[in-house]
Amino acid sequence: DAVGKLNLLQPEFVLSVGDFIEGYTEDEVALDRMWNEFEGMTDQLQMPFFYLPGNHDDTNETMLRKWRQRFGRPYYHFVYQDVLFLVLDSEDPPRGHESSNFSPEQLDYFRAVLKKNTGNRWTMIFVHKPMWETEHPGWLEFEKMVADRDYTVFAGHAHAYTLTHRLDKKYVRLGITGGVLPAPVPETELPDAITWITMTDQGPVLANILLRGILDEKTPPPVTAGPK
């Protein structure tokens, strides 16, 4: 549903914050089946899709090897229209559903990236687990590295949207786009959404768009009775 509606909206690209498959196995046949199913969905997108591992995607060394075979290094960066995108791996190395991990090698990688990329108009930071909520030492060290930048942070993991301010910056914990809900809800009340980011001179503007509110050209909006 989200893939089809993203194609209607035509963003420049799509970036998610992980937990794409159920995972939690070392069975490579099962893992290939899960990833083939998920990539069969993202292959239908008409724009690039950027992967980021969650704890379900990168649970153990077998899954990490599978990730590297399919997608390359679990953490990376790119620059688009003078905005620096940092894609972090909170499962480095993987430890299942336990607390986040953030290796010294990953910190060194982003330290070098930040040193090379100065003067960007904004920095977008994406990570699966909201590591600031647990004051993770690796995250605190990373925050020191970006302290002199304008940046916004996006995470997931908890299946509940929150917007907090930390160090005078916006820290966003995204809700679900097809993820598991803590309790069943009526079809008309599903909270599945995408977060649309528009970059302005003052920084990113965010809009949460419910999937149930995105209709194609053949589907008229529901009509309610108005004044006679």
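The exercises below work through the sheet, a helix, a cavity and some backbone details of a predicted model.

Residues are numbered from 1 along each chain as its sequence is written, and side-chain values use heavy atoms, with hydrogens and water left out. Because the model is predicted, local features need pLDDT of at least 70 and side-chain atom pairs count only at pLDDT 80 or more, whereas totals for chains, interfaces and linings use all residues.

**Exercise 1. Determine the strand order of the open sheet of six strands, and state which strands lie at its edges.**

Step 1. Helices (H or I, at least four residues) and strands (E, at least two) are taken as DSSP runs numbered from the N terminus, and two strands pair if DSSP finds at least two bridges between them.

Step 2. With that rule the order reads 3-4-5-6-8-7, and the pairing is mixed. Strand 3 (76-80) and strand 7 (162-166) are the edge strands, since each pairs on one side only. From one strand to the next the twist averages 20°, where axes are lines fitted to C-alpha atoms, for helices over the stretch in contact, and angles run from 0 to 180 degrees between N-to-C directions.

Step 3. At one edge, strand 3 pairs with strand 4 (residues 83-87) in the antiparallel sense over five bridges, and Tyr76 has Val87 of strand 4 as its bridge partner.

Step 4. Helix 4 (residues 104-116) packs on the sheet and touches strand 3 and strand 4, its direction making about 175° with that of strand 4; contact here means heavy atoms within 4.5 Å. Helix 5 (residues 137-145) lies across several strands, among them strand 4 and strand 7, and runs at about 60° to strand 7.

**Exercise 2. Identify the buried residues of helix 1 (residues 2-9) and what covers them.**

Step 1. Buried means under 20% relative accessible area, exposed over 50%, and partly exposed in between (1.4 Å probe, protein chains only).

Step 2. By this criterion Ala2, Val3, Lys5, Leu6 and Asn7 are the buried residues of helix 1, and their cover includes strand 1 (14-15), helix 2 (28-42) and strand 9 (193-200).

Step 3. Leu215, which belongs to the segment after strand 10, is 210 residues from Lys5 in sequence, yet their C-alpha atoms are 7.7 Å apart in space. Leaving aside residues up to four places away in sequence, Leu215 touches Leu8, Pro220, Pro221 and Pro222.

**Exercise 3. Find which residues line the largest cavity, and classify them.**

Step 1. On a 1 Å grid over the protein atoms alone, a cavity is a set of points where a 1.4 Å probe fits but cannot get out, and lining residues have an atom within 4 Å of a point.

Step 2. The largest cavity has a volume of about 40 Å³, a volume being the space filled by probe spheres set on the points, which are joined across faces, edges and corners.

Step 3. The lining consists of Asp58, Leu64, Arg68, Pro74, Tyr75, Asp89, Glu91, Asp92, Pro93 and Pro94. These residues divide into five nonpolar, no polar and five charged.

Step 4. Pro93 lies in the loop between strand 4 and helix 4, and the peptide bond that leads to Pro93 from Asp92 is cis, with omega near -5°.

**Exercise 4. For Gln10 and Asp168, compare the positive phi values and decide whether each residue is partly exposed or exposed.**

Step 1. Gln10, in the loop between helix 1 and strand 1, has phi near 55°, and counts as partly exposed at 42% relative accessibility.

Step 2. Asp168, in the loop between strand 7 and strand 8, has phi near 65°, and counts as exposed at 78% relative accessibility.

Methods:
1 Å grid on protein atoms, 1.4 Å probe; cavity = no way out; pocket = protein on both sides within 12 Å on 5 of 7 lines; lining within 4 Å. Nonpolar A, V, L, I, M, F, W, Y, C, P; charged D, E, K, R; others polar.
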